Amino acid sequence: MVVADYDRPYPDPIVVRAGDIVLPDAEQTRQTDFMGWTWCRGPDGREGWVPNGWIIQGAQGWRMRRDFSALELSVRKGDRFTLDFSESGFVFGRVVTGEAGWLPDAVLQMTD
């Protein structure tokens with residue numbers, strides 16, 4: 001259950017496929033209080049937060065381990081949310097309309 005309103009911070013975030021190279025932005029990354037995420041630019045120029053655990057850092061750059069979309073949801077207190085998985089302070093899931101995306105775990109509370 002959503003316990004606090006939350007608005008998505010940007011409308012068209014990074015979307016990448018497994019194997020894509022992403023470019024980290026160290027300056028932007030320093031500006032967050034969420035551990036485990038790095039601000040990156042994808043091959044098409046879109047940017048957003050990417051979970052560090054989903055990145056392989058190598059000599060040719062940072063390569064994605066799996067498909068990823070940084071789309072966050074806008075929700076209102078009382079909305080129902082179904083959790084798919086959790087990652088470094090955020091959860092990925094769906095609202096009752098079927099829209100899927102990320103929410104900070106601080107705006108959610110587990111219910112029966």
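**Pockets, nonpolar core and selected residues**

In this predicted model, the largest pocket encloses about 240 Å³ of space. Its lining is made up of Met1, Arg80, Phe81, Thr82, Leu83, Val91, Asp105, Leu108, Gln109, Met110 and Thr111. Divided by class, these lining residues comprise six nonpolar, three polar and two charged residues. Strand S8, which covers residues 81–87, makes the greatest contribution to the lining of the largest pocket, with three residues.

The second largest pocket holds about 190 Å³ of space. It is lined by 13 residues, of which Tyr10, Phe34, Trp49, Glu72 and Phe90 are the closest to its centre. The lining of the second largest pocket consists of eleven nonpolar residues, one polar residue and one charged residue.

One residue of the largest pocket's lining, Leu108, is located in the segment that follows S10. Leu108 and Met1 are 107 residues apart along the chain, yet their C-alpha atoms are separated by 5.7 Å. When neighbours within four places in sequence are left aside, the contacts of Leu108 are with Met1, Val2, Val3, Phe81, Val91 and Leu103. Among these partners, Met1, Phe81 and Val91 also belong to the lining of the largest pocket, whereas Phe81 and Leu103 are members of the largest nonpolar core.

In soluble globular proteins, nonpolar side chains tend to be buried together. The largest nonpolar core of the model contains 28 residues, and the members that touch the most others are Ile14, Met64, Phe68, Phe81 and Leu103. Two or more residues of this core come from each of strand S3 (37–41), strand S4 (47–51), strand S6 (61–64), strand S9 (90–95) and strand S10 (100–104). The greatest contribution to the core is made by S9, with four residues. For Phe68, contacts beyond four places in sequence are formed with Ile14, Val15, Val16, Trp37, Trp49, Val50, Pro51, Trp54 and Trp102. One of these partners, Ile14, is itself among the core members that touch the most others, and another, Trp49, is among the residues closest to the centre of the second largest pocket.

Asp67 is situated in the loop between S6 and strand S7 (68–69). With a relative accessible area of 37%, Asp67 is classed as partly exposed, because this value falls between the limits of 20% and 50%. Not counting residues up to four places away in sequence, Asp67 touches Val16, Arg17, Ala18 and Trp54. Two of these partners are also engaged through polar atoms. The side chains of Asp67 and Arg17 form a polar contact at 3.3 Å, and a polar atom of the Asp67 side chain lies 2.8 Å from the backbone nitrogen of Ala18. Asp67 and Arg80 are 13 residues apart in sequence, while their C-alpha atoms are 25 Å apart in space. Arg80 is one of the residues that line the largest pocket.

Thr38 is placed in strand S3. Its relative accessibility is 9%, and Thr38 therefore counts as buried, the cut-off being under 20%. A polar contact of 2.5 Å joins the side chain of Thr38 to the side chain of Asn52. Leaving aside neighbours within four places in sequence, the residues in contact with Thr38 are Pro24, Thr29, Gly48, Trp49, Val50, Asn52 and Trp62. Trp49 and Val50 are likewise in contact with Phe68.

Two further residues were examined in relation to Asp105, which is part of the lining of the largest pocket. Gln57, in strand S5 (residues 55–58), is exposed, with a relative accessible area of 56%. Gln57 and Asp105 are 48 residues apart along the chain, and 27 Å separates their C-alpha atoms. Glu27 lies in helix H1 (residues 26–29) and is partly exposed, with a relative accessible area of 47%. For Glu27 and Asp105, which are 78 residues apart along the chain, the separation between C-alpha atoms is 25 Å.

A backbone feature was noted at Ser88, a residue of the loop between S8 and S9. The phi angle of Ser88 is near 50 degrees, a positive value in a residue other than glycine. Ser88 is partly exposed, with a relative accessible area of 29%.

Note on methods: Residues numbered from 1 in each chain as written. Predicted model: local features only at pLDDT ≥ 70, side-chain atom pairs only at ≥ 80, totals over all residues. Heavy atoms only, no water. 1 Å grid on protein atoms, 1.4 Å probe; cavity = no way out; pocket = protein on both sides within 12 Å on 5 of 7 lines; lining within 4 Å. Points joined across faces, edges and corners; volume = space filled by probe spheres on them. Nonpolar A, V, L, I, M, F, W, Y, C, P; charged D, E, K, R; others polar. Core = buried A, V, L, I, M, F, W, Y, C linked by side-chain atoms within 4.5 Å. Buried < 20%, exposed > 50% of the residue type's maximum accessible area, 1.4 Å probe, protein only. Contact = heavy atoms within 4.5 Å. Polar contact = N/O pair within 3.5 Å; in protein donor to acceptor, adjacent residues only side chain to side chain.
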